[in-house]
Amino acid sequence: SVVYVNGVNVSGRTYESELGYKCVNKNGNYAYSYFENKHYYININGQISGPFDYIKELILTEENNYAYIYLEDGRERVNINGNVSYKLDLITDVSLGETGQYIYSYILNKKHFVNVNGKILDGSYAWVGNVEIYKDGAFAFDYIPFNNDGFVYHNNNGKTTKTTHLSSALL
């Protein structure tokens, strides 16, 4: 595989395997992952990171912000614009805003947590999903608390509402 952006070979070489994640934005900036010598790597505008055991997600925004999830030494990490999280059991979801705001959910010691722009929210979640960050910096996610009353909850920028009863969600 060879990587071309706007007709230019940005990889400068041919890769032996297929490329993984591929992103190009309107400014011609690019990011992609590849597998080589039994490891995964990421190339963001010519800057190569790795080796990693695997790569689970790669995001590049129109404003050149990036995020990726990878496995290293048996634990997952998320890299957001060069800032790397500590080692986590599992990163379940990530969302990146155009101006660098972010949200991601993760599991550590069998508890679910949410990190919004560096602030870790309450870790009393049995499940977290559908994390999202918006252009204005507002965030949203769904969760089930450990003290479950049978409902899924929706957190919209800190305001919580009950949504679906679990019995109907499983149908």
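**Reading strands, charges and cores in a predicted model**

Me: Lysine 56 has a relative accessibility of 27% and therefore counts as partly exposed. Which side chain does lysine 56 meet in a salt bridge?

Reply: The model is a predicted one. As a general idea, side chains of opposite charge can pair when their charged atoms come close. In this structure the side chain of lysine 56 meets that of glutamate 76 in a salt bridge, with 3.0 Å from N to O. The two residues belong to distant parts of the chain, since glutamate 76 is in strand β9 and lysine 56 is in strand β7, 20 residues apart. The partners also differ in burial class: glutamate 76, at 1% relative accessibility, counts as buried, whereas lysine 56, at 27%, counts as partly exposed.

Me: How many salt bridges are there by this rule, and which residue pairs with aspartate 73?

Reply: The count comes to five salt bridges. Aspartate 73 is paired with lysine 87, and their closest N and O atoms are 3.1 Å apart. Because aspartate 73 lies in the loop between β8 (66-72) and β9, while lysine 87 lies in the loop between β10 and β11, the pair ties together parts that are 14 residues apart in sequence. Aspartate 73 is exposed, with a relative accessible area of 60%, while lysine 87 is partly exposed at 29%.

A further pair is formed by lysine 162 and aspartate 149, where the closest N and O atoms are 3.5 Å apart. Here lysine 162 sits in strand β17 (residues 159-165) and aspartate 149 in the loop between β15 (139-145) and β16 (151-156), so this pair ties together parts that are 13 residues apart in sequence. Lysine 162 counts as partly exposed, with a relative accessibility of 47%, and aspartate 149 also counts as partly exposed, at 37%.

Me: Turning to the sheets, what is the order of the strands in the open sheet that contains β7, and why is one side of β7 left without a neighbour in that sheet?

Reply: Strands of a sheet pair through backbone hydrogen bonds, either parallel or antiparallel. This open sheet has four strands in the order β7-β8-β9-β10, and the pairing is antiparallel. Strands β7 (54-60) and β10 (83-84) stand at its edges, each with a single partner strand, which means that one side of each has no neighbour in the sheet. Between strand β9 (residues 75-80) and β10, which run antiparallel, there are two bridges. One residue pair to look for is isoleucine 80 with its bridge partner in β10, asparagine 83.

Me: Which strands form the edges of the open sheet β3-β4-β5-β6?

Reply: That sheet is also open, with four strands in antiparallel pairing and the order β3-β4-β5-β6. Its edge strands are β3 and β6 (47-52), each of which pairs on one side only. On average, neighbouring strands of this sheet are turned by 15° against each other, direction ignored.

At one end of the order, strand β3 (residues 19-24) pairs with strand β4 (residues 30-36) in the antiparallel sense over four bridges, and cysteine 23 stands opposite alanine 31 in β4. The hairpin of β3 and β4 has five residues between the strands, and glycine 28 takes a positive phi near 85° in it. At the other end, four bridges join strand β5 (residues 39-44) to β6, the two running antiparallel, and isoleucine 44 has glutamine 47 in β6 as its bridge partner.

Me: Which elements give two or more residues to the largest nonpolar core?

Reply: In soluble globular proteins, nonpolar side chains tend to be buried together. The largest nonpolar core of this model has 14 residues, and those with the most contacts inside it are Val78, Ile80, Ile91, Val94, Leu96, Tyr104 and Tyr106. The elements that contribute two or more residues are β8, β9, β11 and β12 (102-108), and β12 gives the largest share, four residues. Apart from this core lies another, of twelve residues, including Ile103, Tyr125, Val128 and Phe139.

Me: Is serine 95 buried or exposed, and where does its side chain find a polar partner?

Reply: Serine 95 belongs to strand β11 (residues 90-96). Because its relative accessibility is 8%, serine 95 counts as buried. A polar atom of its side chain lies 3.2 Å from the backbone nitrogen of isoleucine 133. Leaving aside neighbours within four places in sequence, serine 95 is in contact with Gln101, Tyr102, Ile103, Val131, Glu132 and Ile133.

Terms used: Residues are numbered from 1 along each chain as its sequence is written. This is a predicted model: local features need pLDDT of at least 70, side-chain atom pairs count only at pLDDT 80 or more; totals for chains, interfaces and linings use all residues. Side-chain values use heavy atoms; hydrogens and water are left out. Buried means under 20% relative accessible area, exposed over 50%, partly exposed in between (1.4 Å probe, protein chains only). A polar contact is a pair of N or O atoms within 3.5 Å; within protein, one must be able to donate a hydrogen and the other to accept it, and residues adjacent in sequence count only if both atoms are side-chain atoms. Contact means heavy atoms within 4.5 Å. Two strands pair if DSSP finds at least two bridges between them. A salt bridge is a side-chain nitrogen of Lys or Arg within 4 Å of a carboxyl oxygen of Asp or Glu. A nonpolar core is a set of buried Ala, Val, Leu, Ile, Met, Phe, Trp, Tyr and Cys residues joined through side-chain atoms within 4.5 Å. Axes are lines fitted to C-alpha atoms, for helices over the stretch in contact, and angles run from 0 to 180 degrees between N-to-C directions.
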